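Please read the points below with the sequence and the model open beside them. They are written for someone who is new to looking at structures.

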Amino acid sequence: KETEEVFKVKKSSYSKKIVKQLKKEYKEDLEKSKVRTEVNSPTDVEAPLEKTGQNKDIGQEDGTANSEHGEEEMEVESEKEEEKPKAGGAFSSALSSLNVLRPGEIPDAAFIHAARKKRQMARELGDFTPVDSEPGKGRLVREDENDASDDEDDDEKRRIVFTVKEKSQRQKIAEEIGIEGSDDEALVAGEQDEELSRWEQEQIRKGINIPQACKYQPAEVNNVYYQNTYQTLSYGSSYGIPYTYAAYGSSETKSQKADNTVPFKTPSNEMTPVTIDLVKKQLKDRLDSMKEMHKANRQQYEKHQQSQEDSTKAIERLEGSSGGIGERYKFLQEMRGYVQDLLECFSEKVPLINELESAMHQLYKQRASRLVQRRQDDIKDESSEFSSHSNKALMAPNLDSFGRDRVIYQEQVKRRTAEREARRARRRQAREQTGKMADHLEGLSSDDEETSTDITNFNLERDRILKESSKVFEDVLESFYSIDCIKSQFEAWRSKYFASYKDAYIGLCLPKLFNPLIRLQLLTWTPLEGKRRDFETMLWFESLLFYGCEEQEQVKDDADISLLPTIVERVVLPKLTVISENIWDPFSTTQTSRMVAIVQKLIDGYPSVVNAENKNTQMLLKALLLRMRRTLDDDVFMPLYPKNILENKNSGPYLFFQRQFWSSVKLLGNFLQWYGILSNKTLQELSIDGLLNRYILMAFQNSEYGEDSIKKAQSVIACFPKQWFTNLTGDKTISQLENFCRYLVHLADTIYRNSIGCSDVEKRNAREHIKQIIKLLASIRALDHALTVANDHNVKEFKILIEGK
């Protein structure tokens, strides 16, 4: 209040002495401000300029603008010096309050009123206005921008010039109407109110623009650009002050004129004139924009409507089929669990089944090996007994030719001989009872009889294996080992969800799944025994016979159709391979006939499986050939005796010779039973080269030439397949029979020579024998040899004999 009372005193109340004193103090304050401006302001500017090598004089006018920050600091310091109290009292208190405003703080009404009174006092005392220096450097400007001096030199830019302020228009009007300017309190009050209003508006605008003024971030400014930075920043932004006194009465301090003056521009609130065309244009543009937006929204709406309809249809479709999918999922989950449990069960039981199957095969193999070994021992015993080249004198007294103890060996020979003769006696007795004694020839019967002890031991071991096999699945539910139960599970899957059934390749997995169960049922099955059932009459075959053959239309390439052929390929053929290699005896006509029958049945019934390209079939044929070759090398023996020994038909050597001959002929017939299964080349190699030419022809040469030889020749030719000679062209037979044909020619010549000098009856018999030989040669298509025999012995019925062959 004291400050306000002081500034309300009229100018006329001051004495000249006080006015002079105030002018002196104000001048001293301005000089101090000038010095401080010259000393302090350049420091703030030159500090960053020294880092970049751009130190320049602040007072120069070479186009390099000083920092706006420095100028604003100069103004604030000058005003602070003006406002320092020279004497105590209210005036000092009012001026000192200008220094307490913090940066960024908006001044209150008291602060604004004190600042306004300060400038009013300055005008009343000296009526001076500080002249602005170079634009951007000095912040003291006159109230009226039109009073700026245009003739300031470079040396006077930092000087403060006191000039007499021209009277305002209001004051001039007041003088004309006779009102003293110094005594017109109303005029002063009006001017004060007008200045206060402008000042308040200016400070409000600056306070509103504080965020725009405080954008300066010193951390991001490079040192090189410090000079430019100070030239562009406002005074308030450097110190965080939202206002400035640089242009008193102006609304903003923007750009400055090139003539070192700060013009004052009254803010314009005028708007662009509004016309009807402008309004129509804006409305039309807005209407077009709304139409385009409406069109886009319409398209989006239609798209959403279509999407909603599609979603509704999809929901209805899925809801209609959701029940089936749920049931399908539940069924497949159950099948998955069932199959996993089934596989876990088989992983535990299959090793047991394999052990039982191996034990059964080993049992049959031991019996077959025992019979073969007994036959070989009998042949050795008889051969050594009837040998005419005994070297007993050269042997040690207690050892035989093999280094064995003679006494023990003789006892074993006697025991084997007794057993052999007992078996033969039983067979003769059986033939006599059946009336087949006259037609039987020694050596044609298979010596495969077993003793009661061997039969008992075999049966006990087989029963033990069967008992063990019955315990394999005793701890398992029926649904996991019964073929019918397992089949029903997969049949349900096939009938309900055939697509997933096919995608899971169940048709290819079923043969392997049923494999252990079928092998367990085939544990004691062998085709060599007549009492055994055919595998096609067993339960597993009947259960799987119609699997996958429903009334519905069959799918192309359905794997279930070939279920049984695949089982035959993977189960039956491997079992037959083991039987052929270890159990089958080629010397046994019965076993050979049964073996040929089962293989031929597989070939006829399962042509897609049992063929030359199938690996299991190839393994079976190789096993058959291996067994036949082993028999040919190890079991065939043909003794050689002088003819004088063979003349006695009741002697042991003669009977042994005849038995070995006919056993060889029987083996020849057994080999040739495989015609149509094995290739002709393989059969001819085994039967003709390996057996006929190597053993049987040797026996022919040691036999007497006559009716007995012709009978034996007929038996040999009867074993040959007729298909061998049907397709032959020319007069020659197959090359492997040339030795046999030459023997027949030699036999005819011998018979003719033996008939010379005999009775007519004997000659007629000899001639009949020669005709029979011609027929035999014609039957094997050896027409060249038959013609030779007919020409040599004047047989005129050659054509009749050939045609009646």
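1. Helix 22 has 21 residues, and at 1.5 Å a residue it should span 30 Å. The C-alpha atoms at its ends are 30 Å apart, so the expected span and the modelled one agree. Keep in mind throughout that this is a predicted model. Is helix 22 enclosed by the rest of the structure or open? Of its 21 residues, 19 are buried, so helix 22 is largely enclosed by the rest of the structure.

2. One residue to look at in helix 22 is Phe 661, which forms an edge-to-face aromatic pair with Phe 700. The ring centres are 5.4 Å apart and the planes stand at 80 degrees. Phe 661 belongs to helix 22 (residues 652-672) and Phe 700 to helix 23 (residues 680-702), so the pair ties together parts that are 39 residues apart in sequence. Phe 661 is buried, at 0% relative accessibility, and Phe 700 is also buried, at 0%. Ring pairs extend this into a cluster made of Phe 661, Trp 662, Phe 700, Phe 740 and Tyr 743.

3. Helix 22 also takes part in a salt bridge. As background, side chains of opposite charge can pair when their charged atoms come close. Here the partners are Arg 659 and Glu 382, at 3.3 Å from N to O. Arg 659 is in helix 22 and Glu 382 in helix 11, and the two are 277 residues apart, so this pair links distant parts of the chain. Arg 659 counts as buried, with a relative accessible area of 13%, and Glu 382 is buried too, at 5%.

4. Helix 11 has an aromatic contact as well. The search of the whole structure finds 19 aromatic pairs. Among them is the edge-to-face pair of Tyr 364 and Phe 458, with 5.2 Å centre to centre and 75 degrees between the planes. Tyr 364 lies in helix 11 (residues 276-385) and Phe 458 in helix 13 (residues 452-470), so parts that are 94 residues apart in sequence are tied together by this pair. Tyr 364 is buried, with a relative accessible area of 3%, and Phe 458 is buried, with 5%.

5. Phe 458 has a charged neighbour too. Arg 367 lies over the face of the Phe 458 ring, at 4.3 Å from the ring centre. Arg 367 is also part of a network of salt bridges, together with Arg 370, Glu 450, Asp 454 and Glu 529. A second charge over a ring is that of Lys 601, which lies over the face of Phe 535 at 5.9 Å from the ring centre.

6. How many salt bridges are there? The count comes to 25. Two of them lie within a single helix, and a general point helps in reading them. An α-helix has 3.6 residues a turn, so residues three or four places apart point the same way.

7. The first example is Glu 202 with Lys 206, whose closest N and O atoms are 2.9 Å apart. These residues are 4 apart in helix 7 (residues 185-208), so about one helical turn separates them. Glu 202 is buried, at 0% relative accessibility, and Lys 206 is buried, at 10%.

8. The other example is Arg 424 with Glu 421, which meet in a salt bridge of 3.4 Å, N to O. They are 3 residues apart in helix 12 (residues 406-434), so they too are separated by about one helical turn. Is each partner buried or exposed? Arg 424 is buried, with a relative accessible area of 8%, whereas Glu 421 is partly exposed, with 36%.

9. Some residues face outward. Val 274, Val 279 and Leu 283 make a nonpolar surface patch of about 280 Å². Val 274 lies in the loop between helix 10 (235-239) and helix 11, and with a relative accessible area of 64% it is exposed.

10. Lys 615, in helix 20 (residues 615-634), is exposed at 67% relative accessibility. From Lys 615 to Glu 569 the C-alpha distance is 9.2 Å in space, while the two are 46 residues apart in sequence.

How values were computed:
Residues numbered from 1 in each chain as written. Predicted model: local features only at pLDDT ≥ 70, side-chain atom pairs only at ≥ 80, totals over all residues. Heavy atoms only, no water. Phe/Tyr/Trp six-rings, centres within 6.5 Å; stacked < 30°, edge-to-face > 60°. Buried < 20%, exposed > 50% of the residue type's maximum accessible area, 1.4 Å probe, protein only. Lys NZ or Arg CZ within 6 Å of the ring centre and 35° of its normal. Expected span 1.5 Å × (residues − 1). Salt bridge = Lys/Arg side-chain N within 4 Å of Asp/Glu carboxyl O. Patch = residues over 30% accessible without salt bridge, like charges linked within 9 Å, V, L, I, M, F, W, Y side chains within 5 Å. Areas by Shrake-Rupley, 256 points an atom, 1.4 Å probe, with all protein chains shown as cover.
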